[in-house]
Amino acid sequence: MSQLKATLSDWIEPVSHASVITDVAATCIGLMSLVVIYLFAKRLFLPSIQRVVIYLSPNKAGSLRPLLDKFNGRLAVMLCCVIYLSTLTLVFPFSEFVIDLMRFAGQLVMLIYGGLIFSALINILGGIYNQLDFAKDVPIQGVIQLIKLMTFIVVAVLSVSLVMDKSPTYILSGFGALAAVLLLVFKDTILGFVASIQIAANRLVTHGDWIQFDQYGADGEVESLGLNTVKVRNWDKTITSIPTYALIAHSFKNWRGMQESGGRRIKRSLNIDMHTIGLVDNVVMERLQQQPVFADFLAQTDVSSVGLTNVTLFRQYAEFYLKQHSALNHTMTLMVRELQPTAMGLPVEFYCFSDDQRWIPYEHLQAAIIDHYLAVLPLFGLRPFQHLTGGLAQSDS
């Protein structure tokens with residue numbers, strides 16, 4: 001007989017069916033006490049401590065509120081399990097067999113929630129780490145997931161040993177025969193863990209990096225670095241999942257260097273019709289002198305050289321235009337050069353870096369530069385090369 005039942009029997013003994021009533025009353029009191037303890041811990045005690053912590057550090061601790069809420073809920077259940085197991089024989093008036101079953105259920109729940117509490121604690125520590133300045137350069141999301149995975153494996157082994165009433169070493173001894181199967185099942189996890197260590201150590205990829213992985217169709221910013229997968233939000237707002245070990249096994253392009261350099265490369269070219277290339281004559285000079293846009297260029301350029309060609313003069317102007325452009329980064333490489341002539345004409349390449357790395361301003365800038373070159377090209381007596389279209393052929397006829 002439990003002590004609670006013995007205490008209640010002194011009050012209910014004169015009543016008929018006193019034994020049944022005391023059993024029901026003791027059970028109800030025990031269950032209601034657990035509910036009250038759970039609600040007190042989850043709704044009052046633990047949240048009060050949490051509010052004090054957030055008050056002391058509103059910015060850092062405040063961002064961890066969802067993780068703290070989850071931790072408090074699990075800790076409240078653990079507190080109830082501890083109280084339940086310590087007072088089981090004192091409160092519940094059941095037979096020894098039922099008490100053993102209840103103790104087994106309580107131990108199993110406490111074991112599971114112990115793993116969940118440790119997992120929640122790891123998440124909190126990971127959240128604290130992510131607030132550090134160097135966390136972006138050395139992500140540990142893969143390590144956190146591995147620790148949580150090992151935690152759940154340990155909980156599973158202990159749970160099975162509890163159900164079978166065997167030592168955990170007895171359960172682990174049987175894993176030798178399943179080693180090959182486990183290696184096959186956890187192949188991606190093992191490869192991902194090794195890759196996560198190499199990625200973090202060599203700073204190959206960090207959260208927010210722009211990577212381009214053509215093999216997997218990824219072209220966008222890294223959203224998360226997990227143990228098994230890396231999620232990339234592409235520029236078309238789709239999400240591509242890449243195996244973590246693929247970042248080590250295959251080649252990909254990381255645009256972080258461009259983002260840290262202070263400029264974004266513009267590398268475009270125009271194909272000049274080689275039939276229009278010739279020496280600079282008075283007609284070309286008169287056309288240029290009539291346009292105010294060329295005044296500064298002509299004032300700083302020696303155009304009296306014998307044998308000066310119109311394509312050379314155009315290259316000199318194109319480079320002068322880039323050097324005067326306020327939206328370009330003038331501390332980085334800037335040049336205009338000719339490439340190997342092809343059947344498509346003479347390629348003239350414009351190589352420079354924009355000062356603004358954002359996508360839309362970058363595209364607008366390089367489009368404006370090419371548009372300007374196309375507009376002034378006829379003034380130099382040059383013509384861009386292009387295949388005749390059907391519409392052009394009909395108009396000529």
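In the predicted model, aspartate 356 is partly exposed, with a relative accessible area of 27%, and its salt-bridge partner is arginine 358, the closest N and O atoms of the two residues being 2.7 Å apart. Arginine 358 itself is exposed, its relative accessible area being 55%. This pair belongs to a count of 8 salt bridges. Side chains of opposite charge can pair when their charged atoms come close.

A second salt bridge joins glutamate 349 to arginine 337, again with the closest N and O atoms 2.7 Å apart. Because glutamate 349 lies in strand β8 and arginine 337 in strand β7 (residues 335-338), this pair ties together parts that are 12 residues apart in sequence. The surroundings of the two partners can be stated separately: glutamate 349 has a relative accessible area of 6% and is therefore buried, the limit for that class being under 20%, whereas arginine 337, with a value of 34%, is partly exposed.

A further salt bridge is formed by the side chains of arginine 233 and glutamate 223, with an N to O distance of 2.5 Å. Arginine 233 is placed in strand β3 (residues 229-234) and glutamate 223 in strand β2, so that the pair ties together parts lying 10 residues apart in sequence. Both residues count as partly exposed, arginine 233 at 30% relative accessibility and glutamate 223 at 33%.

Strands β2 and β3 belong to an open sheet of 5 strands, in which the order is β4-β3-β2-β1-β5 and the pairing is antiparallel. The edges of this sheet are taken by β4 (239-243) and β5 (253-254), each of which has a single partner strand, so one side of each is left without a neighbour in the sheet. Within the sheet, strand β1 (residues 210-213) pairs with strand β2 (residues 218-225) in the antiparallel sense over 4 bridges, and tryptophan 210 has glutamate 221, in β2, as its bridge partner.

Turning to the nonpolar interior, the largest nonpolar core comprises 35 residues, and those with the most contacts inside it are Phe294, Phe314, Leu322, Phe350, Tyr373 and Phe380. Two or more residues of this core are given by each of β6 (264-272), α12 (282-289), α13 (295-300), α14 (310-324), β8 (346-354) and α15 (359-376), and the largest share, 8 residues, comes from α14. When residues up to four places away in sequence are not counted, phenylalanine 380 touches Val284, Arg287, Leu288, Phe294, Asn310, Leu313, Phe314 and Tyr317. Apart from this core lies another, of 13 residues, which includes Ile211, Ala218, Leu225 and Phe252. In soluble globular proteins, nonpolar side chains tend to be buried together.

Nonpolar side chains also form a patch on the surface of the model, where Phe118, Leu121, Leu125, Ile128, Val143 and Ile147 make up an area of about 460 Å². Helices α5 (96-130) and α6 (141-164) each supply at least two residues of this patch, and α5 gives the most, with 4 residues. One of the patch residues, leucine 125, is located in helix α5 and counts as partly exposed because its relative accessibility is 48%.

Conventions:
Residues are numbered from 1 along each chain as its sequence is written. This is a predicted model: local features need pLDDT of at least 70, side-chain atom pairs count only at pLDDT 80 or more; totals for chains, interfaces and linings use all residues. Side-chain values use heavy atoms; hydrogens and water are left out. Patches are made of residues with over 30% relative accessible area and no salt bridge: like charges are joined within 9 Å, nonpolar side chains (Val, Leu, Ile, Met, Phe, Trp, Tyr) within 5 Å. Accessible areas come from the Shrake-Rupley method with a 1.4 Å probe; for residues, only the protein chains shown count as cover. A salt bridge is a side-chain nitrogen of Lys or Arg within 4 Å of a carboxyl oxygen of Asp or Glu. Buried means under 20% relative accessible area, exposed over 50%, partly exposed in between (1.4 Å probe, protein chains only). Two strands pair if DSSP finds at least two bridges between them. A nonpolar core is a set of buried Ala, Val, Leu, Ile, Met, Phe, Trp, Tyr and Cys residues joined through side-chain atoms within 4.5 Å. Contact means heavy atoms within 4.5 Å.
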